[in-house]
Amino acid sequence: QVQLVESGGGLVQAGGSLRLSCAASGRTFSSYAMGWFRQAPGKEREFVAAFSWSGRSTYYADSVKGRFTISRDNAKNTVYLQMNSLKPEDTAVYYCAGRTSYIFYDALHYDYWGQGTQVTVSS
């Protein structure tokens with residue numbers, strides 16, 4: 001098992017930046033492929049960014065590509081999401097998650113989830 005805790009959310013103006021962190025504890029962090037999802041009120045949880053199973057590649061939703069960057073520090077058991085050029089439509093609760101599946105874009109293939117952190121972007 002692994003426990004995930006997100007932090008770093010907050011209120012920013014459009015065009016601003018935030019860096020989200022996801023700290024993991026429990027079973028070996030490196031055994032899981034990590035990803036980020038987000039969910040706005042009344043909408044389905046959607047894929048944002050993820051590592052491949054090997055950790056050598058990254059994947060991004062078209063809506064965030066070029067603005068967001070997923071990274072990790074294995075020594076700290078932490079995954080990050082750097083969010084630049086934020087837009088009001090980025091407003092959502094952001095979740096980190098872990099999987100063993102090669103399918104990175106579907107939330108149903110993730111086994112462990114954090115509690116979420118709120119990101120609000122004002123116009």
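Which pattern does the protein follow when read along the sequence? In this predicted model, the succession of elements is β-β-β-β-β-β-β-β-β-β-β, and the secondary structure accordingly comprises 11 strands and zero helices.

Four of the strands form an open sheet in the order S1-S3-S8-S7, and their pairing is antiparallel. The edges of this sheet are occupied by strand S1 (2-7) and strand S7 (68-73), each of which pairs on one side only. From one strand to the next, the twist averages 20 degrees. Within the sheet, strand S3, covering residues 18-26, runs antiparallel to strand S8, covering residues 78-83, and the two are joined by six bridges. Ser21 provides an example of this pairing, its bridge partner in S8 being Tyr80.

With regard to overall dimensions, the C-alpha trace of the protein spans about 40 × 25 × 25 Å along its principal axes. The radius of gyration is 13 Å, which agrees with the value near 14 Å that would be expected of a compact globule because the protein has 123 residues. Buried residues, taken as those under 20% relative accessible area, account for 43% of the 123 residues. The accessible surface comes to about 6,600 Å², and 47% of this area belongs to carbon and sulfur atoms. Where contacts between residues at least 6 apart in sequence are considered, 57% of them join residues that are at least 24 apart.

Definitions and conventions. Residues are numbered from 1 along each chain as its sequence is written. This is a predicted model: local features need pLDDT of at least 70, side-chain atom pairs count only at pLDDT 80 or more; totals for chains, interfaces and linings use all residues. Side-chain values use heavy atoms; hydrogens and water are left out. Two strands pair if DSSP finds at least two bridges between them. Axes are lines fitted to C-alpha atoms, for helices over the stretch in contact, and angles run from 0 to 180 degrees between N-to-C directions. The radius of gyration is taken over C-alpha atoms; the globule rule is 2.2 Å times the number of residues to the power 0.38. Buried means under 20% relative accessible area, exposed over 50%, partly exposed in between (1.4 Å probe, protein chains only). Contact means heavy atoms within 4.5 Å. Accessible areas come from the Shrake-Rupley method with a 1.4 Å probe; for residues, only the protein chains shown count as cover.
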